[in-house]
Amino acid sequence: MIHLRLLFFFSVAFSLLANAAQSQTKPILIAADLTDAPRKLFHAEIDLPVHAGSLALVTPEWIPGAHGPRGPVANIVGIVFTADGKTLPWQRDDVDVYEYHLEMPAGVTTLHAHLDCINTRSSRVSAVLEWESLMLYPADTPVRQIAIQPSVKVLAGWGIGTSLQPLSAYDPAHPAGGTVAYAATTVEVLEDSPIMTGANFHEYTLASEVTPKHFVDFVGAEPADVNVRPEAIAQLSRLVREGFAMYGPPHYTSYHFLVLIPSHGGGGGLEHHESSDNSLPQHSLEQDDFAMIVADILPHEFTHSWNGKYRRPAGLATPDYDTPMRNELLWIYEGLTDYMGNVLSARIGSTTPQQYRDYLALTAAQMDATSGRAWRSIEDTTYEPAMPRPSGNAEAWSSWRRGADYYPEGDLVWLDVDTTIRRLTNNQKNLRDFLLIFLQKGVSGVPTVLPYDLNEVTADLNQIVPYDWAAFFNDRVNRVTPHANLEGIEQGGYKLVYTDTPTEFEKAYLKHRSASPEFWFSLGLALDQDGMVTDVRVGGPADKAKVNPGQKLVAVNGKTFTRDALHAAVAASKGSAQLLDLIVQDDNDLLQVTLDYHGGEQYPMLVRMEGTPDYLADITKPHTSADRSPAK
Ligand SMILES: [Zn+2]
């Protein structure tokens with residue numbers, strides 16, 4: 001469902017650091033106060049240059065990287081506007097709830113705004129400020145033209161990680177807490193430059209021989225969280241080198257991996273041009289099996305600085321955060337990034353080549369067993385972030401709904417591109433040749449956005465090897481396809497099979513993720529830890545037996561339900577004529593259901609197809625030699 005009619009080609013890059021304020025000479029001053037972070041409140045004092053008459057101010061709605069109208073307007077509270085010491089009334093726009101209207105009295109040149117933001121990511125020892133939580137600025141003005149000067153106040157002793165340029169040295173030990181003023185910038189750059197701060201803080205320099213400079217700033221729940229093992233730091237230094245080798249010179253003046261390690265919660269990341277806002281589960285950097293399943297987060301977000309922040313689909317390169325984004329190329333923005341994030345994890349040693357193949361097997365099997373692919377294309381899933389959140393239990397029938405599948409499907413599409421280039425060129429060329437063209441147009445060195453459309457992507461691929469790339473993508477992305485794209489895996493020299501034993505990667509996944517796929521490929525059931533059915537695969541054995549999400553397994557073949565009992569029953573089903581008898585609880589009713597299943601345990605893995613080129617081995621090989629310098 002690519003909206004080709006909506007695609008435009010922008011041939012001119014625009015710099016985020018371009019002289020701000022052609023229409024506005026005085027910057028907005030914004031003083032962020034994060035000292036109430038332990039109470040999950042941020043405060044801001046904002047001074048805006050104004051003149052008499054009607055004024056419309058906005059707070060961001062469409063958040064870059066979130067790909068949807070997810071601005072935190074509902075958490076922005078306690079708003080008071082004053083001018084010349086007098087409180088001014090305001091009115092929310094009756095259509096655009098992100099917009100505030102005021103009348104400026106004659107003679108007023110500065111409007112003061114106070115606001116608070118309820119912030120769920122802060123704690124007693126840490127805070128993450130994504131600036132859309134606190135910013136107000138004039139409506140209907142390109143955000144790269146609005147000058148703004150930020151400062152931040154944090155609790156005494158808290159370290160600060162950010163890509164913003166401080167105007168003077170920061171003293172975290174100052175008894176009144178730390179206040180740092182940063183160089184004037186634009187609303188666009190500020191939105192793109194989060195602050196991560198906390199009592200347990202450590203900054204490490206990465207790949208010190210590389211220019212520009214790279215840092216990783218850890219903020220932890222405990223002091224031990226920021227004392228990161230040297231192997232993990234060395235891997236991040238390798239990531240910098242491998243990123244440069246794959247993508248070429250960057251579009252930043254320095255780069256900060258900001259990494260929050262909260263006391264609870266899963267992993268995730270948000271990309272920015274000169275930094276990334278990452279969360280890693282506690283202890284995930286210490287345990288190899290845990291590290292494996294979150295290994296791609298930092299490589300993914302780092303890749304985005306080139307693919308997503310610099311090269312951006314035209315539909316996502318909007319002039320402000322009120323203009324709706326068009327998501328149809330997210331399978332490139334996120335899909336290519338997801339592919340490279342996992343490839344780089346293997347190249348830097350965060351995962352082994354075997355673990356990479358195990359990851360691919362699980363991804364391909366999950367996509368193949370996604371019920372919703374029967375009605376919905378990959379491209380249609382790119383609209384998921386722009387949709388309202390599903391009401392009720394979002395997990396129920398989620399496979400039938402499909403989620404943000406352009407990430408894992410993108411892995412398979414871009415593996416297919418990589419191996420197709422290798423096949424057509426007898427392994428003389430590969431995806432890197434494309435990336436070094438696609439990601440290296442225009443100016444490097446400073447944050448810049450260079451929009452693209454699909455025609456440019458196919459034209460660049462045709463420079464590497466002539467092929468009908470438009471048809472290639474149309475077949476794989478825009479059409480409804482009953483099975484997952486396994487061509488990349490097979491051209492890579494492997495075949496997806498199912499066995500009765502989980503891979504090491506699946507074991508780690510089963511151990512550390514709450515939603516488990518252990519009965520998904522056999523019975524078509526997803527269960528939580530208590531035996532509650534969280535999802536059912538449409539067309540699978542459980543679906544045919546009319547099992548529903550929300551029901552709870554009570555008994556298996558006449559015995560009380562345990563996971564082990566269900567595993568034993570599934571294993572015994574192989575080659576047996578016996579049916580599988582379950583008792584499920586549905587509200588207060590106990591129901592007997594019978595599954596006609598005889599396939600045994602089913603865990604996906606890749607097996608080598610002997611006699612074919614092993615491109616997956618080539619893909620996971622590092623491009624840079626051994627570390628040139630130890631990380632500090
Ligand atoms: Zn991403």
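Trainee: Let's start with the open sheet of three strands: in what order do the strands lie?
Mentor: Happy to, and keep in mind that this is a predicted model. The pairing in this open sheet is antiparallel, and the three strands follow the order β12-β18-β15.

Trainee: Which are the edge strands there?
Mentor: Look for strands that pair on one side only. That picks out the edge strands, β12 (126-129) and β15 (159-161).

Trainee: By how many degrees are neighbouring strands of this sheet turned against each other on average?
Mentor: Leave direction out of it, as the value ignores direction. On average, the turn between neighbours in this sheet is 15°.

Trainee: Now β12 and β18: which residue is the bridge partner of L129?
Mentor: β12 and β18 (residues 195-198) run antiparallel and are joined by four bridges. Within β18, L129 has as its bridge partner I195.

Trainee: On to the helices. How are α6 and α10 oriented to each other?
Mentor: Helix α6 covers residues 335-347 and helix α10 covers residues 406-424. Their axes come within 7 Å and cross at roughly 75°. Angles of 65 to 115 degrees fall in one class, so α6 and α10 are, to each other, roughly perpendicular.

Trainee: Which residues of α6 make that contact, and what classes does the contact hold?
Mentor: From α10 come Y406, Y407, P408, E409, G410, D411, V413, W414 and L415, and from α6 come G335, L336, D338, Y339 and N342. By class, the contact of α6 with α10 has eight nonpolar, three polar and three charged residues.

Trainee: And how are α7 and α15 oriented to each other?
Mentor: Helix α7 (residues 353-368) packs against helix α15 (residues 504-512) at an angle of about 65°, and their axes are 8 Å apart. The two helices, α7 and α15, are therefore roughly perpendicular.

Trainee: How many charged residues are in the contact of α7 with α15?
Mentor: Q355, D358, Y359 and L362 in α7 meet E504, F505, E506 and Y509 in α15. Sorted by class, the residues of this contact are four nonpolar, one polar and, for charged, three.

Trainee: Stepping back to the domains, what distance separates the centres of domain 2 and domain 3?
Mentor: The protein is divided into domain 1 (17-187), domain 2 (319-339 + 352-491) and domain 3 (522-601). Taken over C-alpha atoms, the centres of domain 2 and domain 3 are separated by 34 Å.

Trainee: How many nonpolar residues are on the side of domain 2 that touches domain 3?
Mentor: The contact takes seven residues from domain 3 and nine residues from domain 2. On the domain 2 side, one residue is charged, four are polar, and the nonpolar ones number four.

Trainee: Where is the proline of the cis peptide bond with T211?
Mentor: Most peptide bonds are trans. Here a cis bond joins T211 and P212, with omega about 0°. P212 has its place in the loop between β19 (200-206) and β20 (213-220).

Trainee: What class of exposure does K40 have?
Mentor: K40 is in the loop between β2 (28-33) and β3 (41-49), and has a positive phi of about 60° although it is not a glycine. A residue is buried at 20 or more neighbours and exposed at 12 or fewer. K40 has 16 C-beta neighbours inside 10 Å, so K40 counts as partly exposed.

Trainee: And what class does H283 have?
Mentor: H283 also has a positive phi, near 75°, and is found in the loop between β23 (275-279) and α3 (288-293). Its C-beta neighbours inside 10 Å number 14, so H283 counts as partly exposed.

Note on methods: Residues numbered from 1 in each chain as written. Predicted model: local features only at pLDDT ≥ 70, side-chain atom pairs only at ≥ 80, totals over all residues. Axes fitted to C-alpha atoms, helices over the stretch in contact; angles between N-to-C directions. Parallel < 35°, antiparallel > 145°, perpendicular 65-115°, else oblique. Contact = placed C-beta atoms within 7 Å. Nonpolar A, V, L, I, M, F, W, Y, C, P; charged D, E, K, R; others polar. Pairing = 2+ DSSP bridges. Domains from an automatic or database assignment.
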